[in-house]
Amino acid sequence: MKAPRSWIVLLAATLTLSACGSTPKPVSSLLRAMYIRPEGQLNEGRPLYVVVRTVDEQTFLTDTYGKISEMVTARPLDESVLKVILLWPGKKNEILVEVAPDKSVGVYGLFTQPGNQWKLFLQSPVPSNSRLRLVRGSIVVDKRKDKRAR
């Protein structure tokens with residue numbers, strides 16, 4: 001009868017020692033917040049899709065409006081897509097996305113009449129908080145100070 005008890009004690013000790021010797025896993029992704037503020041009569045008063053995806057700089061530069069718009073309706077979603085949101089004019093939005101520390105992100109606005117800056121590249125490491133404005137068919141980084149921070 002002593003054999004099973006000692007076997008259990010030995011197993012418990014082995015598991016405890018192996019757990020103590022394990023190394024912590026590296027952080028695989030970090031939560032990032034993007035605050036999006038539409039201005040004026042954005043998109044002729046119509047809602048628009050905003051797509052957030054992980055992307056390298058070369059791919060971002062060659063991304064076309066058509067390619068990104070197809071990602072909105074594709075099922076299953078492309079694995080690079082972090083978030084697709086329908087944005088209504090005049091309504092502020094907060095988007096939370098998980099991004100690996102070594103990944104860059106593209107933010108794409110599918111405007112009715114896209115401007116030259118219909119897409120925006122956020123290089124790695126992506127800031128923990130990004131404030132973006134949607135203005136006349138373009139996405140721009142909002143560099144104004146937040147009134148709440150004063």
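Strands are DSSP runs of E with at least two residues, numbered from the N terminus. On that basis, Pro-127 falls in the loop between β6 (119–122) and β7. The model described here is predicted. Pro-127 is partly exposed, at 36% relative accessibility. Its C-alpha atom is separated by 9.1 Å from that of Met-34, although the two positions lie 93 residues apart along the chain count.

The protein chain contains 3 helices and 8 strands. Their order from the N terminus is α-β-β-α-α-β-β-β-β-β-β. The chain has 150 residues, and 33% of them are buried. Its accessible surface is about 10200 Å². Carbon and sulfur atoms account for 56% of that surface. Contacts between residues at least 6 apart in sequence were also examined. Of these, 67% join residues at least 24 apart.

An open sheet is formed by 4 strands. Their order is β4-β1-β7-β8, and the pairing is mixed. Strands β4 and β8 (138–141) are the edge strands, each pairing on one side only. From one strand to the next, the twist averages 30 degrees. Within this sheet, β1 (residues 30–38) and β7 (residues 129–135) are parallel partners, joined over 6 bridges. Ile-36 has Leu-132 in β7 as its bridge partner.

Salt bridges number 5 in the structure. One of them joins the side chains of Arg-53 and Asp-63, with an N to O distance of 2.7 Å. Arg-53 belongs to strand β2 (residues 48–54), while Asp-63 sits in the loop between α2 (57–62) and α3 (65–73), so this pair ties together parts that are 10 residues apart in sequence. Arg-53 has 5% relative accessibility and counts as buried. Asp-63 is buried too, at 4%. For burial the cut-off is under 20% relative accessible area. Asp-63 also forms a salt bridge with Lys-67. Here the closest N and O atoms are 3.0 Å apart. Lys-67 is partly exposed, at 34% relative accessibility. Asp-63 thus takes part in a salt bridge with Arg-53 and in another with Lys-67.

A further salt bridge links the side chains of Arg-133 and Asp-142, at 4.0 Å from N to O. Both residues are buried. Together with Arg-37, they are linked in a network of salt bridges. Side chains of opposite charge can pair when their charged atoms come close.

The surface carries a nonpolar patch formed by Tyr-49, Leu-86 and Trp-88. Together these residues have about 300 Å² of accessible area. Trp-88 is located in the loop between β3 (81–87) and β4 (93–99). Its relative accessible area is 45%, and Trp-88 is therefore partly exposed.

Several backbone features occur in loops. Arg-75 and Pro-76 are joined by a cis peptide bond, with omega at about 0 degrees. Pro-76 is placed in the loop between α3 and β3. Another cis peptide bond joins Ser-124 and Pro-125, with omega at about -5 degrees. Pro-125 is found in the loop between β6 and β7, and Pro-127 lies in the loop between β6 and β7 as well.

Positive phi values were found at Asn-43 and Glu-44. Phi is near 55 degrees for Asn-43, which is not a glycine. Glu-44, also not a glycine, has a phi of about 55 degrees. Asn-43 occupies the loop between β1 and β2, as does Glu-44. Their accessibility can be set side by side. Asn-43 is buried, with a relative accessible area of 9%, whereas Glu-44 is partly exposed, at 43%.

Conventions
Residues numbered from 1 in each chain as written. Predicted model: local features only at pLDDT ≥ 70, side-chain atom pairs only at ≥ 80, totals over all residues. Heavy atoms only, no water. Patch = residues over 30% accessible without salt bridge, like charges linked within 9 Å, V, L, I, M, F, W, Y side chains within 5 Å. Areas by Shrake-Rupley, 256 points an atom, 1.4 Å probe, with all protein chains shown as cover. Buried < 20%, exposed > 50% of the residue type's maximum accessible area, 1.4 Å probe, protein only. Pairing = 2+ DSSP bridges. Axes fitted to C-alpha atoms, helices over the stretch in contact; angles between N-to-C directions. Contact = heavy atoms within 4.5 Å.
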